[in-house]
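Please examine the sequence and the three-dimensional structure shown below before reading on. The paragraphs after it are meant to be read alongside the structure.

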Amino acid sequence: MLLVHGAAGGTALTGTIYEDGEDAPEFAGSPDDDAPYVWICDEFYEVDTGGSTQTIGGEEIQIAFESPMPRGFQDREQALDAAKDHVRTQFVRLGIDADEVEITVTRDSDPEHAE
């Protein structure tokens with residue numbers, strides 16, 4: 001599995017790409033079994049009231065979370081491109097410029113022993 005990590009404004013977000021042959025979690029809305037690459041990550045946006053308090057760029061804001069929307073892809077590059085775009089979009093939803101988001105991709109071959 002690949003971990004796609006984005007950081008900006010003093011906070012971070014990490015999502016997971018399950019690769020061909022790996023068992024992605026299954027729940028309502030999961031892509032069909034024919035997708036060899038599955039991307040899963042939180043989605044969130046700023047709200048005026050409610051939600052969770054988060055400090056972004058030194059300012060406290062309220063954030064509401066949506067259920068993760070898993071997406072299936074036929075190849076690794078499509079999955080990586082979509083994952084990076086998704087991570088940047090979450091930060092843009094909080095008022096951070098997409099160019100400020102630092103994205104790293106790492107391989108996590110054993111999630112039970114990941115730090």
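The following explanation goes from the strands to the helix, then to the core and the salt bridges. The model is a predicted one.

A convenient starting point is strand S1, whose side chains alternate between two faces. Leu 2, Val 4, Gly 6 and Ala 8 point to one face and are buried, while Leu 3, His 5 and Ala 7 point to the other face and are not buried. Strand S1 pairs with S2 in the antiparallel sense, over seven bridges. Within this pairing, Leu 2 has Ile 17 of S2 as its bridge partner. The two strands form a hairpin with two residues between them, and Gly 9, in the turn, has a positive phi of about 60°. Strand S1 is also joined to S8, through six bridges, and these two strands run antiparallel as well. Here the bridge partner of His 5 is Thr 104 in S8.

The turn residue Gly 9 leads to a part of the chain far along the sequence. Ile 96 lies in the loop between H1 and S8. Although Ile 96 and Gly 9 are 87 residues apart in sequence, their C-alpha atoms are 7.2 Å apart in space. With its neighbours within four places in sequence left aside, Ile 96 is in contact with Ala 8, Gly 9, Ile 56, Phe 91 and Val 101. The relative accessibility of Ile 96 is 8%. Buried means under 20% relative accessible area, so Ile 96 counts as buried.

Helix H1 comes next. Its 17 residues should span 24 Å at 1.5 Å a residue, and the C-alpha atoms at its ends are 24 Å apart, which agrees with that expectation. At the N-terminal end, Asp 75 acts as the cap of H1: one of its side-chain oxygens lies 3.1 Å from the backbone nitrogen of Glu 77. The buried residues of the helix are Ala 79, Leu 80, Ala 82, Ala 83, His 86, Val 87, Gln 90 and Phe 91. An α-helix has 3.6 residues a turn, so residues three or four places apart point the same way. Among the elements that cover the buried residues of H1 are S1, S2, S3, S4, S7 and S8.

The interior can now be considered. The largest nonpolar core has 22 residues, and those with the most contacts inside it are Val 4, Ile 17, Trp 39, Val 87 and Phe 91. Two or more residues of this core come from each of strands S1, S2, S3 and S6 and from helix H1. The greatest contribution is that of H1, with six residues. Val 87 offers a view of this core from the helix: leaving aside its neighbours within four places in sequence, Val 87 is in contact with Val 4, Gly 6, Leu 13, Trp 39, Val 101 and Ile 103. Another core, of five residues, lies apart from the largest one; Met 1, Tyr 18, Val 38 and Ile 40 are among its residues.

Which charged side chains form salt bridges? A search of the whole structure finds three salt bridges. In one of them, Glu 19 is paired with Arg 76, and the closest N and O atoms are 3.4 Å apart. Because Glu 19 lies in the loop between S2 and S3 and Arg 76 lies in helix H1, this pair ties together parts that are 57 residues apart in sequence. The side chain of Glu 19 also meets that of Arg 107 in a salt bridge, with an N to O distance of 2.4 Å. Arg 107 belongs to strand S8, so this pair ties together parts that are 88 residues apart in sequence. Glu 19, Arg 76 and Arg 107 are thus linked in a network of salt bridges. The members of this network differ in their accessibility: Glu 19, at 11% relative accessibility, counts as buried, Arg 76, at 31%, is partly exposed, and Arg 107, at 51%, counts as exposed.

Glu 66 and Arg 93 form a further salt bridge, in which the closest N and O atoms are 3.4 Å apart. Glu 66 is in strand S6 and Arg 93 in the loop between H1 and S8, and the pair links distant parts of the chain, 27 residues apart. Glu 66 counts as partly exposed at 30% relative accessibility, and Arg 93 counts as partly exposed at 32%.

Methods:
Residues are numbered from 1 along each chain as its sequence is written. This is a predicted model: local features need pLDDT of at least 70, side-chain atom pairs count only at pLDDT 80 or more; totals for chains, interfaces and linings use all residues. Side-chain values use heavy atoms; hydrogens and water are left out. A nonpolar core is a set of buried Ala, Val, Leu, Ile, Met, Phe, Trp, Tyr and Cys residues joined through side-chain atoms within 4.5 Å. Buried means under 20% relative accessible area, exposed over 50%, partly exposed in between (1.4 Å probe, protein chains only). Helices (H or I, at least four residues) and strands (E, at least two) are DSSP runs, numbered from the N terminus. Contact means heavy atoms within 4.5 Å. A salt bridge is a side-chain nitrogen of Lys or Arg within 4 Å of a carboxyl oxygen of Asp or Glu. The expected span of a helix is 1.5 Å times one less than its number of residues. A polar contact is a pair of N or O atoms within 3.5 Å; within protein, one must be able to donate a hydrogen and the other to accept it, and residues adjacent in sequence count only if both atoms are side-chain atoms. Two strands pair if DSSP finds at least two bridges between them.
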